[in-house]
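Welcome! Let us walk through this structure together, one meeting place at a time.

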Amino acid sequence: MKVLVGVKRVIDYNVKIRVKADNTGVETANVKMSMNPFDEIAVEEAIRLREKGVATEVIAFSAGPQQCQETIRTALAMGADRGVLVQSDAELQPLAVAKLMKAVVDKEQPGLVIVGKQAIDDDSNQVGQMLAALLGWSVGTFANKLNVAEGWVEVKREVDGGLENIKIKLPAVITTDLRLNEPRYASLPNIMKAKKKPIDMQTSESLGVDIAPRLKTLKVEEPPKRKSGIKVKTVAELVDKLRNEAGVI
Amino acid sequence: MAILVVAGHDGKTVRANVANAVAAASQMGSDIHVLVAGSNAGEAAKSAAAIAGVAKVLQAEDAAYANWLAEDIAPLVVKLAPNYSHIVLAADSLGKNVAPRVAALLDVAQVSEAIKVVSPDTFVRPIYAGNAMATVQTTDKIKVVTIRPTNFKAGAGGGPGSNPAAIEQIGGEGSKGLSSYVGAELSKSERPELTSAKIVISGGRGLASGENFKMLETLADAMGAGLGASRAAVDAGYVPNDYQVGQTGKVVAPDLYIAIGISGAIQHLAGMKDSKTIVAINKDEEAPIFQVADYGIVGDLFQIVPELTAAVSKK
Ligand SMILES: Cc1cc2nc3c(=O)[nH]c(=O)nc-3n(C[C@H](O)[C@H](O)[C@H](O)COP(=O)(O)OP(=O)(O)OC[C@H]3O[C@@H](n4cnc5c(N)ncnc54)[C@H](O)[C@@H]3O)c2cc1C
Ligand SMILES: Nc1ncnc2c1ncn2[C@@H]1O[C@H](COP(=O)(O)O)[C@@H](O)[C@H]1O
């Protein structure tokens, strides 16, 4: 069984982002970019499935500008076998990404697709659910633990009240939550090896997918700032402030 | 055109955030219908009918809906969709699971976690862990929107007998047979639920063990508070996953949020910085949490928390 994983190139989670002065978006020039952290978890899970003999091949998919090659290389260095890059400089919204992934799924016929639960830039939390819908497949969102069996996957999901166990039919889409695994670091020899692994270059035209955005971003602004507070010396002072100044206890 | 709010429920009552979703929907238009899909969901349908502002409740009875599997709920919503301008869900683990599936089946975009309704087709939503606010306009005919419950104040509930909305029975669509529910391991707690508690007390890696969280439980009980945590505390196994507050956990906005042994990473702040009053207890005076705290105490939590518990216990 082939496993397809989504790897998105995003501003690194440690970067303090800046809103552009003209309110059209967020500053991305000269900013450190990395693989979306949830996608590292997706790649790790796919590689583990191959190591267990459940998966035969791990394919890393990315859609976006030319530099997404680096993101795919990171996945290859972790252990993915090959990549597919849908190159596009246009804005790609979750529905468009799901359609591009579906076109790749139609070609590659994987038995399982693993994506992150959410991209930490747009915070959409949509692509996996949308892809499953377009394919008519089952979906296991917010996965905490997977057990892939013959024809089925048992998924432990992180939900509002705790954990939930479901059994879903293969082929399926999984979205990763933080506790699914701890992604490995790529070793130097594997980084070297990754340079030779193939990346299939595609475009939305070559896949015949309409990627026109459905949402128009009218403006992007800074959030309101909180006014700065004070330090108190003692618990008694704190309790007094909470009672008599803030009136919250 | 009418608006459809899709309600999460436990069979007896709809989730508290359904009232928030109705409040958000009422800013998008009038004639709000609530869909209660379930198996033996009569009581839940009644609770939906009592929410102020609801014109009609659609109760869909089908064994397939007992556990809210996306594969089975989404086709029902899609079938109803042509009668509606908007489909609105709370951005909780049910809404996040189902809304994108509905949107993709309808070939429309989905607006995630709207915090403000600017006009019926324009919404404000946080991006980059709330470090930027995007105003987006949808061009689709049917608008699928999840809303952040803490940003929409629920109207006064109708209460029993006070003009409840009519409940219409609609049929179910059966099961697609793609998925099945096995069971749940839910955290049991008598404390107020995190996302609706008036006071939330959260602990981080500074607590150093799950055992030490008992100290926060005592404080929470003394204050009638809900209990939350940072990702680090959850990852370390101190507390269950559903305690996580933040960009990728729960979003809370209580009257009072007390962060204890939490450094204040942007991913954590994303889930709590809309709280009315924030208190931080941390031994590191440089900890970023102090930048959003109204009141900070620099010191050892193992000394401060028992003192605070004693102080709030004697009224
Ligand atoms: C993709 C992604 C998603 C994430 N999502 C979330 C999320 O939703 N929620 C979230 O919280 N985090 C999230 N994080 C993690 C986040 O970046 C931080 O790592 C995390 O919030 C840190 O938790 P912490 O503050 O408990 O731990 P630390 O950063 O280790 O801070 C511990 C604090 O405790 C203090 N302390 C230690 N001992 C004591 C003592 N005795 N008395 C007083 N103070 C003490 C220290 O001074 C320190 O400030 C995410 C990260 C990523 C990459
Ligand atoms: N441009 C992209 N390229 C590859 N994968 C993506 C892309 N956008 C989203 N994904 C995948 O979909 C997941 C959820 O993204 P989102 O729905 O945008 O929050 C991410 O964690 C990725 O695995």
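## Where the two domains of chain B meet

In this predicted model, domain 1 and domain 2 of chain B bury about 660 Å² between them, with carbon and sulfur atoms giving 49% of that area. Buried area here is the accessible area (1.4 Å probe) that two parts lose on being put together, summed over both. On the domain 1 side, Ala129(B), Arg148(B) and Thr150(B) supply 65% of what this domain buries against domain 2, more than any other three residues.

Domain 1 of chain B covers residues 2–171 and domain 2 covers 194–314, with bounds taken from an automatic or database domain assignment. Their C-alpha centres are 31 Å apart. Nine residues of domain 1 are in contact with ten of domain 2, where contact means heavy atoms within 4.5 Å. The rule finds one residue pair in polar contact across this interface (both at pLDDT 80 or more), and zero salt bridges.

## Where chain A meets chain B

Now for the two chains. Between chain A and chain B about 6,700 Å² is buried, and carbon and sulfur atoms give 53% of it. Asp160(A), Arg214(A) and Arg226(A) supply 12% of the area that chain A buries against chain B, more than any other three residues. In all, 72 residues of chain A are in contact with 86 residues of chain B.

Seven salt bridges link the chains, each being a side-chain nitrogen of Lys or Arg within 4 Å of a carboxyl oxygen of Asp or Glu. Arg226(A) forms a salt bridge with Asp294(B), with their closest N and O atoms 2.8 Å apart. There are also 47 residue pairs in polar contact between the chains (both at pLDDT 80 or more); a polar contact is a pair of N or O atoms within 3.5 Å, and within protein one must be able to donate a hydrogen and the other to accept it, while residues adjacent in sequence count only if both atoms are side-chain atoms.

## Around ligand 2

Which residues come nearest to ligand 2? Of the 18 around it (a heavy atom within 4 Å), they are Asp39(A), Ala63(A), Ala119(A), Asn125(A) and Gln126(A).

Oxygen atoms of ligand 2 also pair with polar protein atoms: a side-chain N or O atom of Asn36(A) is 2.9 Å from one, a backbone N or O atom of Gly116(A) 3.0 Å, and a polar backbone atom of Gly6(A) 3.2 Å. Taken alone, ligand 2 exposes 490 Å², and the protein buries 98% of that (Shrake-Rupley method, 1.4 Å probe).

## Reading the numbers

Residues are numbered from 1 along each chain as its sequence is written, with chains lettered from A and ligands numbered from 1 in the order in which they are written. Side-chain values use heavy atoms, leaving out hydrogens and water, and in this predicted model local features need pLDDT of at least 70, side-chain atom pairs count only at pLDDT 80 or more, and totals for chains, interfaces and linings use all residues.
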